[in-house]
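Trainee: Before we discuss this model, could you set out the terms that we will need?

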Amino acid sequence: VEGGYSLGSGFGPMEDGWTGDTVYTPYSNTKAVAAATFLASVVDTGVEYLDEPISTTFTNLAGSEVGKITPRQILSHTSGLSVFNRDDPENDPYYSCKYNPSNTLRECLEGILVDESLAYPVGTMTSYNNVPFNILAVVASEKTGMSNYGMVLE
């Protein structure tokens with residue numbers, strides 16, 4: 001499917017959001033795999049955590065605005081998190097951490113998930129973004145006790 005993002009670049013107010021007929025370029029198709037894996041982990045564990053704030057997994061976020069983000073908001077691209085600069089990874093806190101082999105994904109996320117990393121109030125704007133799907137990976141892994149690779153294989 002060719003076209004463009006709704007409202008230019010994948011950003012926009014919720015009331016102007018995408019519909020079932022919106023034409024878009026299907027970049028990052030792995031997000032569908034990540035979403036399916038996450039949702040399967042919810043079904044397989046029988047634990048309902050789609051609407052559980054991420055602060056239950058990332059306890060350092062308790063009481064913060066970022067900590068209020070839910071997996072449901074991540075899946076709908078309404079987490080409010082800013083898009084990090086992968087074009088300048090050496091100066092971007094997320095990418096410079098993620099691609100340093102001495103860091104775990106959780107450590108990287110704990111270092112960057114602060115209220116200042118919100119571009120919009122949680123749940124108010126659509127924002128196509130990679131980082132929140134890494135949050136889902138950590139949440140699902142901790143809820144299921146499985147590695148992300150193991151969840152995909154299962």
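Mentor: Axes are lines fitted to C-alpha atoms, for helices over the stretch in contact, and angles run from 0 to 180 degrees between N-to-C directions. The model is predicted, so local features need pLDDT of at least 70 and side-chain atom pairs count only at pLDDT 80 or more, while totals for chains, interfaces and linings use all residues. Residues are numbered from 1 along each chain as its sequence is written, and side-chain values use heavy atoms, with hydrogens and water left out.

Trainee: Which class of angle describes α4 against α5?

Mentor: Helix α4 (residues 105–112) and helix α5 (residues 131–144), both DSSP runs (H or I, at least four residues) numbered from the N terminus, pack at about 125° with their axes 10 Å apart. Angles under 35 degrees count as roughly parallel, over 145 as roughly antiparallel, 65 to 115 as roughly perpendicular and the rest as oblique. The relation of α4 to α5 is therefore oblique.

Trainee: How many nonpolar residues are in the contact of α4 with α5?

Mentor: Taking contact as heavy atoms within 4.5 Å, L105, R106, L109 and I112 in α4 meet V131, N134, I135, A137, V138 and E142 in α5. Ala, Val, Leu, Ile, Met, Phe, Trp, Tyr, Cys and Pro count as nonpolar, Asp, Glu, Lys and Arg as charged, and the others, Gly among them, as polar. Besides one polar and two charged residues, the nonpolar ones come to seven.

Trainee: Which element has the lowest mean pLDDT?

Mentor: On pLDDT, the predictor's confidence in each residue from 0 to 100, the protein chain averages 77. Helix α2 (residues 71–75) has the highest mean, 90, whereas the lowest, 50, belongs to strand β1.

Technical notes
Helix = DSSP H or I, 4+ residues; strand = E, 2+ residues; numbered from the N terminus.
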